[in-house]
Amino acid sequence: MEHYEEHHRETFADSALEVAAGIDTPPAVNPHYKRVKRQQMAVEDYVSGIRSGNISVLSQAITLTESLLPEHHALAQQIIERCLPHAGRSVRIGITGVPGAGKSTFIEAMGGKVTGLGHRLAVLAIDPSSERTKGSVLGDKTRMETLVHNPAAFIRPSPSAGSLGGVARKTRESVVLCEAAGFDVVFIETVGVGQSETAVHSMVDLFLLIQISGAGDELQGIKRGIMEMADMVAINKADGDNVQRAELTRRQFLNALSLFPMPESGWKPRVYTTSSTENRGLTELWGGIEDYLKFTKANGFFERNRSRQAKYWMYETIDSELRDSFYKAPPIESLLADYENRVLNNEISSFVAAQELLRRYFNR
C-alpha cells in the first residue's frame with residue numbers, strides 16, 4: 001500500500017491531477033455546544049400561562065397531550081382538568097373537503113375575516129402521517145403565511161399518527177386548552193373526505209364542507225354520510241371563468257341536500273359560493289354561520305349536541321385506554337407473537353385466539 005501511494009505521488013508530482021493534502025474535516029457538531037435541558041414547569045405554571053394567553057406555554061401544553069410518554073400524559077391530564085372550567089365558550093367549526101378544494105387558502109382568508117371582527121381564532125390542522133414512516137410534513141403554517149403572523153390567530157398543525165381517518169386522538173383536548181387561552185373560534189381542519197369526518201363531527205358545533213366546481217361530476221365521490229353531516233357547504237374558487245360553474249354547482253348541491261331528511265338540529269343546510277383569493281362570499285358565509293348558531297342555541301340543539309359529544313368522548317377514551325392497557329400488559333406482550341404464529345399456521349382461529357388472550361388479560 002505504501003509503495004502504491006509513493007508511486008502515485010511520483011506519477012502525478014508535476015500534474016494538475018495532484019491532490020492537495022487539504023485540511024482536517026471539522027466536527028459536525030460544535031464541540032463547545034452544551035444542550036440545556038428545558039426545565040419542566042409545574043401544573044400551576046402551565047395553567048396560568050395558558051389563561052394569560054401565552055402562546056409558547058399553550059404550544060408546550062398541547063405537545064404534552066400529544067406525547068406518548070406516560071409522565072407527559074399524566075401531567076397533561078392535570079393541566080386539562082384545571083383548564084376545563086375555563087373552556088367551552090368558543091364556536092367549534094369542522095372544515096373538510098376533497099384534496100385540492102383549497103381548504104388551507106380558505107381558512108387563511110376566513111381567518112382574516114373572523115379576526116377582523118374582533119374574534120380570536122385557533123386553527124387545529126390535522127396533517128396526514130405516512131403509513132410507512134409515521135412522519136408528517138406539518139406544512140399548514142407555510143401555506144397560511146398571512147394568518148401565521150396574525151396576533152389574534154394561533155395555528156397548530158398536528159400529525160394524525162395513524163389514528164382513525166387521520167384525526168389526532170388528542171385534538172379535543174387541544175380544543176379545551178385553546179378555549180382556556182381565550183380563543184373564541186376554533187377551526188378543525190381534516191385531511192380530506194374520509195373516516196376522519198365522523199370523529200371531527202363529534203367535536204364541533206358546525207360542520208362545513210368545502211367543494212369546488214369544474215372538476216368533473218361535482219357530486220361524484222362525495223359520500224352521502226359526509227353530505228348528511230354538512231351544516232353548510234362552500235363552493236370555493238368561484239372566481240375568474242369559474243363563477244358560472246360555481247353557481248351551477250351550488251344549485252346542484254342545494255337540490256341534492258333537499259332530498260335528505262331534515263337534520264336533528266332542524267337547520268336546513270345552506271350552500272354558498274366563495275373565492276378565497278378574492279375574498280368573495282366570505283362575509284355572507286360567516287353571516288350564515290352566525291345564523292346557524294343563533295338558531296341552534298334558540299331551539300336547544302347546541303347544548304344537547306355538546307352534552308352528547310362529551311358523553312361520546314368519555315366512551316372513546318375508555319376504549320382507547322383499555323386498548324393501550326391490553327397491548328402494554330406484560331403477559332400479553334409475551335404471548336402475542338406465539339398466538340399470531342398459531343393463527344398464521346391455521347392451528348387456531350383468529351376469534352379463539354382473541355378470546356384466549358382477553359381471558360388471560362382479565363384473569364392476570
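**Notebook: H86, helix α3 and a nonpolar patch**

I began with H86, which sits in the loop between α4 (70–83) and β1 (91–97). The model I am reading is a predicted one.

Entry 1, H86. I looked up whether H86 is buried or exposed. H86 counts as partly exposed, because its relative accessibility is 28%; the class runs from 20% to 50%. I then listed its contacts, leaving aside neighbours within four places in sequence, and found R51, E179 and A180. With R51 the contact is polar and joins the two side chains, at 3.4 Å. For E179 I noted the separation along the chain, 93 residues, against a C-alpha to C-alpha distance from H86 of 7.2 Å.

Entry 2, helix α3. I checked the length of α3 (residues 55–66). Its twelve residues should span 16 Å at 1.5 Å a residue, and the end C-alpha atoms lie 17 Å apart, so the two values agree. At the start of α3, I found a side-chain oxygen of N54 within 3.0 Å of the backbone nitrogen of S56. I also recorded which residues of α3 are buried: V57, L58, S59, Q60, A61, I62, L64 and T65.

Entry 3, surface patch. I looked up which residues make a nonpolar surface patch of about 390 Å². They are M314, Y315, I318 and L322. One of them, I318, I placed in helix α12 (residues 301–328). I318 has a relative accessible area of 39% and is therefore entered as partly exposed.

Note on methods: Residues numbered from 1 in each chain as written. Predicted model: local features only at pLDDT ≥ 70, side-chain atom pairs only at ≥ 80, totals over all residues. Heavy atoms only, no water. Helix = DSSP H or I, 4+ residues; strand = E, 2+ residues; numbered from the N terminus. Buried < 20%, exposed > 50% of the residue type's maximum accessible area, 1.4 Å probe, protein only. Contact = heavy atoms within 4.5 Å. Polar contact = N/O pair within 3.5 Å; in protein donor to acceptor, adjacent residues only side chain to side chain. Expected span 1.5 Å × (residues − 1). Patch = residues over 30% accessible without salt bridge, like charges linked within 9 Å, V, L, I, M, F, W, Y side chains within 5 Å. Areas by Shrake-Rupley, 256 points an atom, 1.4 Å probe, with all protein chains shown as cover. Salt bridge = Lys/Arg side-chain N within 4 Å of Asp/Glu carboxyl O.
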